[in-house]
Amino acid sequence: VTITTRLLVSHLSGIRHYEKDITKVKEEKEKTNKALKLTKSHQDKEQKEGKGVEKTDCVKQKKEHDGETKSRNSKPGRKDKEFEQEEYYLKEKFESVIESLKIFKNDPLFFKPGDQFLYSTYGFTLLSAVVERASGQKFTDYMLKMFRDLDMLSTVLDDNEAMIYNRARCYVYNKKGRLVNAPYVDNSYKWAGGGFLSSVGDLLKFGNALLYSYQAGQFKNRNGKLLPGYLKPGTVAMMWTPVPKTEVSWDRDGKYAMAWAVVEKNQQYGCCRQQRHYASHTGGAVGASSVLLILPEELDPEALGTWPVAPPRGVIVTIICNMQSVSLNSTALKIAREFDKEKRAQ
């Protein structure tokens with residue numbers, strides 16, 4: 001078989017995640033797909049029955065309140081089976097990403113590359129090895145230089161030995177439902193898939209750099225005042241284009257693209273639910289959870305040439321939580337929509 005970098009970055013490679021048993025993976029996927037189909041059919045039924053009728057604020061508030069109550073009452077860190085996998089807690093130190101490939105390189109593929117979606121941290125470990133060989137330098141050195149270019153000076157390797165200023169302590173729930181310190185792990189086996197420490201400020205810079213790059217090509221360059229983006233507009237557009245056969249566990253409206261989950265602009269019925277285009281990704285590690293969500297502004301083509309209006313235009317939300325298995329995407333989306341609503345009102 002042939003595995004391309006595009007397949008790796010969209011999790012279509014067939015390389016396993018932490019679970020080694022393909023039967024268990026298939027069972028979990030079937031359960032998830034069944035639940036999604038039920039939710040989707042229920043949503044469609046609600047939309048058709050309420051076609052042309054806008055929900056009142058009190059109904060909206062009740063639904064939101066019910067969802068929030070359910071979320072508060074569920075205990076984070078206790079139902080997430082993924083964190084039961086032993087490989088999450090590796091303590092072995094790997095000197096290079098090439099060396100860390102030994103963890104999974106002799107394991108069979110779960111399916112033919114390109115046929116199915118399976119989120120795989122190890123797929124990104126292989127991707128980091130590709131970057132290392134193509135760039136001719138260590139993956140970690142390459143990334144730290146990139147973070148410097150992006151002015152992300154607080155983003156560093158999650159190295160246990162190094163003294164890192166303002167590093168937060170991480171927590172998990174134990175079997176009794178009590179908060180305890182997260183266990184020691186060495187992330188050198190998965191730098192690309194979950195081995196960096198950052199701050200909300202740095203992640204906002206990262207989001208702004210991507211949004212600027214995405215929108216820069218749509219603005220007229222007045223007297224050379226508008227600098228180019230870090231990436232070409234077409235590159236970001238490609239990264240944010242949904243890839244067929246993919247899915248997203250944390251957002252049922254989304255599809256996976258290239259290292260991003262993407263929701264496309266969509267509205268089926270007048271005065272009913274409207275989907276805005278946005279890109280997001282959550283992060284889960286031993287003792288920590290995070291999300292970065294980018295909601296681009298819907299630009300008016302007539303006003304794009306008016307200076308000083310310039311990119312980035314939109315809302316970026318990032319949340320970092322030093323607690324394991326906290327679902328943050330819906331919270332980030334609510335915050336983004338509130339700020340977007342405020343901007344529209346001005």
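## A walk through the sheet and its surroundings

Let's start with one pair of residues: V263 has Y278 as its bridge partner, and Y278 belongs to strand 7. That pair is our way in, but keep in mind as you look around that you have a predicted model in front of you.

V263 and Y278 sit where two strands meet. Strand 6 covers residues 261-263 and strand 7 covers residues 278-285; the two run antiparallel and are joined by 3 bridges. Now zoom out a bit. These strands belong to an open sheet of 5 strands, which line up in the order 5-6-7-8-9 with antiparallel pairing. What stands at the edges of this sheet? Strand 5 (255-256) and strand 9 (314-321) do, and each has just a single partner strand, so one side of each is left without a neighbour in the sheet.

Two helices pack on this sheet, and you can find them by looking for what they touch. Helix 8, residues 200-216, touches strand 8 (288-296) and strand 9, and its direction makes about 150 degrees with that of strand 9. Helix 10, residues 329-345, touches strand 7, strand 8 and strand 9, and its direction also makes about 150 degrees with that of strand 9.

Next, follow the chain from strand 7 into strand 8. The two form a hairpin with 2 residues between them, and in the turn G287 has a positive phi of about 90 degrees. Strand 7 and strand 8 are paired in the antiparallel sense over 7 bridges. If you want a spot to click on, try S280, which stands opposite L293 in strand 8. On to the next neighbour: strand 8 and strand 9 run antiparallel too, joined by 8 bridges. Here I294 has I316 of strand 9 as its bridge partner.

Is strand 8 mostly covered or mostly open? Mostly covered: 7 of its 9 residues are buried. For the protein as a whole, 37% of the 346 residues count as buried.

While you're in this area, have a look at the loops. Between strand 8 and strand 9 there is a loop that holds P312, and the peptide bond leading from P311 to P312 is cis, with omega near 0 degrees. Past strand 9, the loop that leads to helix 10 holds S325. S325 isn't a glycine, yet it has a positive phi of about 60 degrees.

You'll find another case elsewhere in the chain. N166 lies in the loop between strand 1 (156-157) and strand 2 (171-173). N166 also has a positive phi, about 70 degrees, although it is not a glycine. Is N166 buried or exposed? It is exposed, with a relative accessible area of 66%.

Now for some empty space. Rolling a probe the size of a water molecule over the atoms shows where such space is left. How many cavities of 30 Å³ or more turn up here? The count is 1, and the volume of the largest cavity is about 60 Å³. Its lining is made up of I22, V25, K26, K29, F110, F111, Q116 and L118. Sort those lining residues by type and you get 5 nonpolar, 1 polar and 2 charged.

Finally, step back and take in the whole thing. The protein has 10 helices and 9 strands. Take the contacts between residues at least 6 apart in sequence: 68% of them join residues at least 24 apart.

Conventions: Residues numbered from 1 in each chain as written. Predicted model: local features only at pLDDT ≥ 70, side-chain atom pairs only at ≥ 80, totals over all residues. Heavy atoms only, no water. 1 Å grid on protein atoms, 1.4 Å probe; cavity = no way out; pocket = protein on both sides within 12 Å on 5 of 7 lines; lining within 4 Å. Points joined across faces, edges and corners; volume = space filled by probe spheres on them. Nonpolar A, V, L, I, M, F, W, Y, C, P; charged D, E, K, R; others polar. Pairing = 2+ DSSP bridges. Helix = DSSP H or I, 4+ residues; strand = E, 2+ residues; numbered from the N terminus. Contact = heavy atoms within 4.5 Å. Axes fitted to C-alpha atoms, helices over the stretch in contact; angles between N-to-C directions. Buried < 20%, exposed > 50% of the residue type's maximum accessible area, 1.4 Å probe, protein only.
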